[in-house]
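Student: I would like to take a close look at one part of this structure. Could you walk me through a metal site and the part of the fold around it?

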Amino acid sequence: MAVKDQKGFNDNVGKGDLTKVTKQLWRENCFPEWGTWLNEEIEDTIVPEGNFAMWWLGCTGIWVKTPEDANICIDLWVGVGKRGKRVWDKPYSQGKDFQMYHMNGGPTYQPNTRYTPMVIDPFEIKKVDAILSTHMHRDHIDQYVAAAIVQNFDDVPFIGPKFSCDVWRNWGVPEERLVEVRPGDVIKIKDMEIVAVDSFDRTALITSPLQAADMRGVCPTDMDDRAVSYIIKTPGGNLYHSGDSHYSNMYFKHGKDHKIDVALASFGENPAGLTDKMTSVDCLRMAECLNAKVLIPYHHDIWNNMLADPMEIEYLYQFKAPRLDYQFKVYIWQVGGSYMYPRDQDKKRFMFKRGFEDAFTDEPNLPFKSFL
Ligand SMILES: [Fe+2]
Ligand SMILES: [Fe+2]
């Protein structure tokens, strides 16, 4: 009795018999929350010449599409964080494998629950040219996505640094589909060029996969094995996908070496005792260093305990831009939203299409007349 047509609003599935409405049915009918809405929107979008389009899939998940219909999906994560509370309320010594323990030696009871809805169904992806991961953290690489792509496509490559490829290999992605990249590597797909560049994700140096030995200095850690960032070069402009990178002066070098139009900055509210995301100031400094045209924060949406309000970046921008003569703009996005560059370069905030453009064009029995 699961609703297969994805039309939604399936709130009468029991048809008078609530015994038919099960937990399993609820899961099948209501998740992913957006069904195939965004899949269809992406498929149906024709990118105008001289532009590139992208969609925010939550966290640092980004879909990029070009005029020649190159489609890549970066860091898509459709998994979940913690789903039970009490199991985590135990002495940290029992939860040592959890990433948060490695970050600062603290206990593991943080409420790392997923805040953002699932806006895309990986099993319903009909066309994609590559799946990319910036690093191996669980919110940047996904087993369900890997399974869906391996099951539904014969030749779509999985592109990522060594540690991401190790994770994919471990899950069963065929060896011939793994493309290991390091900074400097370039991959061409139709009218798109993917350039791997240095990541500055210090968290990735000290966290999972379990590297307790690293922390004692036994085992070398090579940032390039663990994480990369990507510059996606398109006919419409270049996108800088920084993964989970922290602030680094090396952004200045990347800005010298590459033309950057849109920069995605991993923003978040760092809890006291932890530095994992860029602050609002870091994000502004990043965009300035990269000489970007547009700064867009991301990642601040996904974890309950690190939720941040991007309006903070807008406020600071107003404060600092006149004095520092910023040459970039700030754009505040929403998960599930699209952004096209350069078409949208002067916009400041995203809003979903409201869809009542044709109101009052049809006038049958009009119940609203009673309100006039
Ligand atoms: Fe990460
Ligand atoms: Fe992350």
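Tutor: In this predicted model, the iron ion (ligand 2) is coordinated by four residues, namely Asp139 (OD), His140 (NE2), Asp244 (OD) and His299 (NE2), at distances of 2.1 to 2.6 Å. Along the sequence these donor residues follow the spacing D-H-x103-D-x54-H. The arrangement of the 4 donor atoms is irregular, because the angles they subtend around the iron ion (ligand 2) run from 84 to 155°, whereas a tetrahedral label would require all angles to lie between 85 and 135 degrees.

Asp244 has a further role in the geometry, since this residue bridges the iron ion (ligand 2) and the iron ion (ligand 1), and the two ions lie 3.5 Å apart. Asp244 sits in the loop between strand 10 and helix 9 (250-257), while His299, 55 residues away, sits in the loop between strand 12 and helix 11 (311-324), and the pair thereby links distant parts of the chain. Both Asp244 and His299 are buried.

Turning to the sheet, strands 10 and 12 belong to an open sheet of 7 strands with mixed pairing, in the order 7-8-9-10-11-12-13. Its edge strands, each pairing on one side only, are strand 7 (186-189) and strand 13 (329-330). Strand 12 (residues 294-298) runs parallel to strand 13 and is joined to strand 13 by 2 bridges; Val294 has Lys329 in strand 13 as its bridge partner. Helix 10 (residues 280-290) packs on this sheet, touching strand 10 (237-241), strand 11 (262-266), strand 12 and strand 13, and the direction of helix 10 makes about 150° with that of strand 11.

Methods
Residues are numbered from 1 along each chain as its sequence is written. Chains are lettered from A and ligands numbered from 1 in the order in which they are written. This is a predicted model: local features need pLDDT of at least 70, side-chain atom pairs count only at pLDDT 80 or more; totals for chains, interfaces and linings use all residues. Side-chain values use heavy atoms; hydrogens and water are left out. Two strands pair if DSSP finds at least two bridges between them. Helices (H or I, at least four residues) and strands (E, at least two) are DSSP runs, numbered from the N terminus. Contact means heavy atoms within 4.5 Å. Axes are lines fitted to C-alpha atoms, for helices over the stretch in contact, and angles run from 0 to 180 degrees between N-to-C directions. Donors are N, O and S atoms within 2.8 Å of the metal (3.2 Å for Na, K and Ca); water is not among the atoms, so sites may look incomplete. Four donors count as tetrahedral if all angles lie between 85 and 135 degrees; four count as square planar and six as octahedral if opposite donors are over 155 degrees apart and all others between 65 and 115; anything else is irregular. Buried means under 20% relative accessible area, exposed over 50%, partly exposed in between (1.4 Å probe, protein chains only).
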